[in-house]
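Trainee: I would be grateful for a close look at a single part of this structure, namely the open sheet and what packs on it. Please set it beside the contact between the chains and the nonpolar core.

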There are 2 protein chains.
Amino acid sequence: MSNAMVLDWSEISDLLQSIDVYEPMKEAFIEYSLGHAEIPPVGELLFADPPGEVHIKYGYIKGGSHYVVKIASGFANNRDHNVAPGQGMMILFDIKTGVPRAVLIDDANLTDLRTGIAGAIASKAMANVGVETASIIGTGVQARHQARCLLDVMPIKEICCWGRNAARLDELVQDLSDLDVRITACSDLRELTERSQLVVTTTSAKEPIIDVEWIQPGTHITAVGSDTPDKCELDPRILDKASIVVADSIAQNKERGEIHQGLKQGTVKEEDILELGDIFSGTARGRTSMDQISVVDLTGVAVQDLVIAEAVLKATKSS
Amino acid sequence: MSNAMVLDWSEISDLLQSIDVYEPMKEAFIEYSLGHAEIPPVGELLFADPPGEVHIKYGYIKGGSHYVVKIASGFANNRDHNVAPGQGMMILFDIKTGVPRAVLIDDANLTDLRTGIAGAIASKAMANVGVETASIIGTGVQARHQARCLLDVMPIKEICCWGRNAARLDELVQDLSDLDVRITACSDLRELTERSQLVVTTTSAKEPIIDVEWIQPGTHITAVGSDTPDKCELDPRILDKASIVVADSIAQNKERGEIHQGLKQGTVKEEDILELGDIFSGTARGRTSMDQISVVDLTGVAVQDLVIAEAVLKATKSS
């Protein structure tokens, strides 16, 4: 056998309790925005029959220990065969020799987790201080991660959930019932959005589901769902209405996500877009008043994969 | 453990004797040139200190069983630490679900092997029938593979080797001494080229080492070494002098390899470039006279990785 550590999801998930990557994740975004990371454009493969998509994200932070390659796929029809829709792995290679150090066959779960973590720290950085209610749009895996991770970093007392499918919405509320906050299902997305100060969108919508008219002063939106050139959850005019628009990666969001849509439609200008790492470092100014509307658009950057994969590898050594 | 087969190089190399991929390799190039493959642009990561490069090649053939992701790196300084310069792996995923089926931690050896195979079948397809002497330029791993694979497919009686470094040239001749043909070392590249009808270049040169004046009528060149935007072994004017210029992938060779250099310098026009799979299928006409000069420029296409990785996976099932 190779010297590389090979772990599957059951082995990885056992290690996760000993991992806390909120601070390392923030640091990685800061390094990225400082230009200390090499992150080429996302690789993509599309499949027609059955429909599926693969994203390949890769890169490294200069001066770091590893380069990462992350392969994550989604094949929706897998559910018909009792196979998880998400599949894939993260691989760590020694940055000085290229020798493989870890093959984490995570079935795309680490991607979901690191996305939850990034969403939570972005929401915390941009939402009004003291916000106690979060609205989560969508009923998939990412809705669960955003809810759980938010509670790790913000003093949330209530989570309101909305989903197109009532049965899946009930299931989500059930799944989150172990959390020590009030979980409510909401049937009216407009009403929910209008009374929210923190909205986290996690759907795979290809047409906007949140209307610009619904957004009230003081609202922060963390848009997590759209990570491709065609997915889109927000009315692009929301970016125009917002005082602050933040990308996780300006280079990447020009090609993908809500900002990509906004640039195409002229509702946001490239020079007005801030980058998340600069918000975290204080280089860029985030929210300066209670009334501002802000949007963070997350498309997922390979530095996030690097951070979580390295944390798992480290945990194998201390366990 | 995951259900994916995980093999290291010692396990893979044990399986190789039972593998014959010359025909499948040809078929894969044919499928590729028919437009039946999805092969996005090569992913690349570069490292400054220590210097290194990583290529990520990925894709699939429509109607096939797997998609492949191949990661292959070269870190030249590894030799200082007794670590092989080439590292990496090929990963096969189920094309219908994305489930990982095989992780072949091949230390880049399968890439070397499939390159040798592609070079040999390209040389056979394009060189004059009856050529009995092959000249191999360069003294690295690929010189060895090209020599061995050529003998599998052509009636070669003598292999003439040239390299810049005399000690490494001696070593190469020694390493090939088990082959049932005459192996000679040649010290004068010009003289060697002038009397060759089949030249295979395998160096990592970044400046041309073969001059246009040296190329005689009837010569075929298989250019294997250059696979990046900056590497270059042939005087670009050779492409102008040649009657037939063949790319393994026109899309890819526009960005990499000898053809990329020739297009930049105007010594070849895009519309005059043929594709290897079309030569194999007969859709494009190859050599039509003994006096023609021809060049095949190989940059390495992910369908090759797919073929060899699938052959290894298949061999595990029958062994």
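**The open sheet of chain A in its setting**

Mentor: This is a predicted model. The largest nonpolar core has 192 residues, and the members that touch the most others are A:V68, A:L104, A:V303, B:V68, B:L104 and B:V303. Leaving aside neighbours within four places in sequence, B:V68 is in contact with residues including B:Y58, B:M90, B:L92 and B:L306.

The open sheet of chain A consists of eight strands with parallel pairing, in the order β10-β9-β8-β11-β12-β15-β13-β14. At its edges stand β10 (182-185) and β14 (273-275) of chain A; each has a single partner strand, so one side of each is left without a neighbour in the sheet. From one strand to the next, the twist averages 20 degrees. Within the sheet, β8 (residues 133-137) and β9 (residues 158-162) of chain A run parallel and are joined by five bridges. There, A:T133 lies opposite A:E158 of β9(A).

Two helices may be added to this picture. Helix α3 (residues 109-126) of chain A packs on the sheet, where it touches β11, β12, β13 and β15 of chain A, and its direction makes about 160 degrees with that of β12(A). Helix α4 (residues 141-153) of chain A also packs on the sheet, touching β8, β9 and β11 of chain A, with its direction at about 165 degrees to that of β8(A).

As for the contact between the chains, 37 residues come from chain A and 37 residues from chain B. On the side of chain A that touches chain B, β4(A) gives the largest share, six residues. The residues of that side comprise 23 nonpolar, ten polar and four charged.

Notes: Residues are numbered from 1 along each chain as its sequence is written. Chains are lettered from A and ligands numbered from 1 in the order in which they are written. This is a predicted model: local features need pLDDT of at least 70, side-chain atom pairs count only at pLDDT 80 or more; totals for chains, interfaces and linings use all residues. Two residues are in contact if their C-beta atoms, placed from the backbone, lie within 7 Å. Helices (H or I, at least four residues) and strands (E, at least two) are DSSP runs, numbered from the N terminus. Ala, Val, Leu, Ile, Met, Phe, Trp, Tyr, Cys and Pro count as nonpolar, Asp, Glu, Lys and Arg as charged, and the others, Gly among them, as polar. A nonpolar core is a set of buried Ala, Val, Leu, Ile, Met, Phe, Trp, Tyr and Cys residues joined through C-beta atoms within 7 Å. A residue is buried if 20 or more other C-beta atoms lie within 10 Å of its own, exposed if 12 or fewer, and partly exposed in between; C-beta atoms are placed from the backbone. Two strands pair if DSSP finds at least two bridges between them. Axes are lines fitted to C-alpha atoms, for helices over the stretch in contact, and angles run from 0 to 180 degrees between N-to-C directions.
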